[in-house]
Amino acid sequence: MAMYNMNISTYTNNIHVHHLNLNFNGGLKTTTTSKRGASFLARNSSSATTAPPTPNILSSTGKAEADVIVIGSGIGGLCCAGLLARYEQDVLVLESHDLPGGAAHSFDIKGYKFDSGPSLFSGLQSRGLQANPLAQVLDALGEPIPCVKYDSWKVYVPEGEFLSRIGPTEFFKDLENYAGPDAVREWRKLLDAILPMSTAAMALPPISIRGDWGVFSTAAARYAPTLLKSFAQMGPWGALGATKLLRPFSEIVDSLELKDPFIRNWVDLLSFLLAGVKSDGILSAEMVYMFAEWYKPNCTLEYPLQGSGAIVDALVRSVQKFGGRISLRSHVEAIVVENGRAIGVKLRSGQFVRARKAVVSNASMWDTLDLLPKEVVPDSYQDRIKKTPQCESFMHLHLGFDSEGMREDLGIHHIVVNDWKRGVDADQNVVLISVPSVLSPTLAPPGKHVLHAYTPGTEPFGLWEGLDRRSSEYKKLKDERSEVMWNAVERALGPGFNRGKCEVKLVGTPLTHKRFLRRNRGTYGPAIQAGKDTFPGHPTPIPQLYCCGDSTFPGIGVPAVAASGAIVANSLVSVSQHLQLLDAVGI
């Protein structure tokens, strides 16, 4: 989810962020936490001495060019660039800001290392055919992520508070205590129906997919035996159910005649956290994949020991070690189209950078459209983008505080649902909280905790549109709209927490996202409903222009954007190169 760096004004001993600045996008010389912190301080503190990195757009021949230019250094863009570099392509990532990572970057203030986006991970250390797409990319790039494992998250819902444990049996105990026997029966019925489908859903590794006819060699023919075997093991009824994988998950829930309100609400919540839509809008394949990672034997959740920024660092390292380049503070002003083909980009400085083979945009569909000359874009393509509905934006709260007085059983993740009747997609209704220093103490100074709370893609941009970020009206609205997060934090942390004693207080708004993440209206991404529409593919009507990230198939979320980046990279190399990569990683 969203991330940001910030412009800061200091009041007494607290830091207040008027607009968290989502400064990230790959950089050759700012890939470690300490260097990112130095870069941040250089912008915001008169005592800092470390200069920000300089752009690095020149190739080995001294020319401003590359085989492939990637616009933006989000996880999708970095996965694409890392694989292209491994494929021995001359790749250049152009990032507008001075930190890499896009919505997944991290930042350092006063020794507190904050995640600005995703913090709930699973499958990062998985390997092989059924591994998480991001894990497959990291494996191909030779970049393992050290993680700490855990198996629960704290839930605060209208029915009460409980520790939700993943795994095939533990959650049944929670349901028995807090929802009753009907919920237990229906949950078992749901697992019995969908877990067998997971073999089919995971039989085709995302890293095998490409956007041309070569997919028959790299995916269809290569994995057909495994796929057919999985259907045979499922039996006729299971195989019939697998045909629903590309339909909304709610259809599976309805077909099982699940009526228990808690089960229906819980499924909607999991769907929304995964993709920004409820169960009637998410592909069944995505949910089945998630269920396999969370509710099968021996499953665990994972958190990177060095925070989510460790994933970004690993991807940046991979780009560099295979000879690719990442240039920070290199804002792309326009995609240059000549004779109907994308041939490069124009930077804000006015410099032209040539792309010999392709341009890949990791920006949203709306922001990519704004980079193109309108006269070269087919009306049908423009109309589809303009008519695509958007998820709303975020409110964020980042805190650094003393751990003294905190409950001893404080967990890393907490979720607060205020009112099921309003729906999990209602604004100010669901708050997610992460306290990663519980598992990774080095993310905060000794005896301290670091915390990130946010409303997950439910904050209406319209409330903020047109406000002057320096105005008292903006500050007042920030105070009002952040109160729901403060209340959730106080509920989760208990009476030992005192908001007035926080050493760091940062509040981010939808205008933060719009300004610093370069996100149209600060959006979380497209609100595409499964069964009603599909996420766009990766080629565009402009030859040599491709897109990856959450505006493309397979959609929103870390695994999905990693898969999209891999698909684009695979599509830009030969089938033989692609097959060699699959052989090298053993899938």
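These are my notebook entries on a predicted model of one protein chain.

**Entry 1. Whole chain**

I started with the totals. The protein chain has 587 residues, and 60% of them count as buried. I listed its secondary structure as 17 helices and 20 strands. I then looked up the exposed surface, which comes to about 22,200 Å², with carbon and sulfur atoms supplying 53% of it. For contact range, I took pairs of residues at least 6 apart in sequence; 73% of those contacts join residues at least 24 apart.

**Entry 2. Helix α2 against α11**

I turned to helix packing and took α2, residues 75–86, with α11. Their axes are 8 Å apart and the packing angle is about 30°. Because angles under 35 degrees count as roughly parallel, α2 is roughly parallel to α11. The crossing of α2 past α11 is left-handed. On the α2 side, I noted I75, L78, C79, A81, G82 and A85 as the contact residues. On the α11 side they are I311, V312, L315, V316, S318 and V319. Sorted by class, the contact of α2 with α11 has 10 nonpolar residues, 2 polar ones and no charged ones.

**Entry 3. Helix α2 against α16**

I kept α2 and looked up its packing with α16. The two axes come within 7 Å and cross at roughly 35°. I recorded the crossing of α2 past α16 as right-handed, whereas α2 passes α11 in a left-handed crossing. From α2, the residues that meet α16 are I75, G76, C79, C80, L83 and L84. From α16, I listed V558, V561, A562, G565, A566, V568 and A569. The class count for α2 with α16 is 11 nonpolar, 2 polar and no charged residues. I75 and C79 appear in the α11 contact and in the α16 contact.

**Entry 4. Helix α3 against α11**

I next took α3 (residues 133–141) with α11 (residues 309–321). Their axes are 10 Å apart, and the angle is about 40°. The pair α3 and α11 is therefore oblique. I found the crossing of α3 and α11 to be left-handed. L134, V137, L138 and L141 of α3 touch I311, A314, L315, S318 and K321 of α11. I sorted the residues of the α3 contact with α11 into 7 nonpolar, 1 polar and 1 charged. I311, L315 and S318 of α11 meet α3, and I311, L315 and S318 also take part in the contact with α2.

**Entry 5. Helix α10**

I checked how far α10, residues 284–294, is covered. Of its 11 residues, 9 are buried, so α10 is largely enclosed by the rest of the structure. I wrote down the buried ones: S284, M287, V288, Y289, M290, F291, A292, E293 and W294.

**Entry 6. Backbone details**

I looked up two residues with positive phi. N339 is not a glycine, yet its phi is about 55°. I placed N339 in the loop between β12 (332–338) and β13 (341–347). N339 is exposed, at a relative accessible area of 77%.

Q428, also a residue other than glycine, has phi near 60°. I placed Q428 in the loop between β16 (413–417) and β17 (430–434). With a relative accessible area of 18%, Q428 is buried; the cut-off for buried is under 20%.

I also noted a cis peptide bond from F553 to P554, with omega near 5°. P554 sits in the loop between β20 (545–547) and α16 (558–571).

**Entry 7. Two loop residues with distant partners**

I looked up C391, in the loop between α13 (379–387) and β15 (393–402). C391 counts as buried at 8% relative accessibility. Leaving out residues up to four places away in sequence, C391 touches G276, T523, Y524, G525, P526, A527 and I556. The C-alpha atoms of C391 and E459 are separated by 9.1 Å, with their positions 68 residues apart along the chain.

I then took G500, which lies in the loop between α14 (472–493) and β19 (504–508). G500 is partly exposed, with a relative accessible area of 48%. I found G500 and F401 to be 9.7 Å apart, C-alpha to C-alpha, at a sequence separation of 99 residues.

Conventions
Residues are numbered from 1 along each chain as its sequence is written. This is a predicted model: local features need pLDDT of at least 70, side-chain atom pairs count only at pLDDT 80 or more; totals for chains, interfaces and linings use all residues. Side-chain values use heavy atoms; hydrogens and water are left out. Axes are lines fitted to C-alpha atoms, for helices over the stretch in contact, and angles run from 0 to 180 degrees between N-to-C directions. Helices (H or I, at least four residues) and strands (E, at least two) are DSSP runs, numbered from the N terminus. Angles under 35 degrees count as roughly parallel, over 145 as roughly antiparallel, 65 to 115 as roughly perpendicular and the rest as oblique. A crossing is left-handed if the near helix is turned anticlockwise from the far one by less than a right angle, and right-handed if clockwise. Contact means heavy atoms within 4.5 Å. Ala, Val, Leu, Ile, Met, Phe, Trp, Tyr, Cys and Pro count as nonpolar, Asp, Glu, Lys and Arg as charged, and the others, Gly among them, as polar. Buried means under 20% relative accessible area, exposed over 50%, partly exposed in between (1.4 Å probe, protein chains only). Accessible areas come from the Shrake-Rupley method with a 1.4 Å probe; for residues, only the protein chains shown count as cover.
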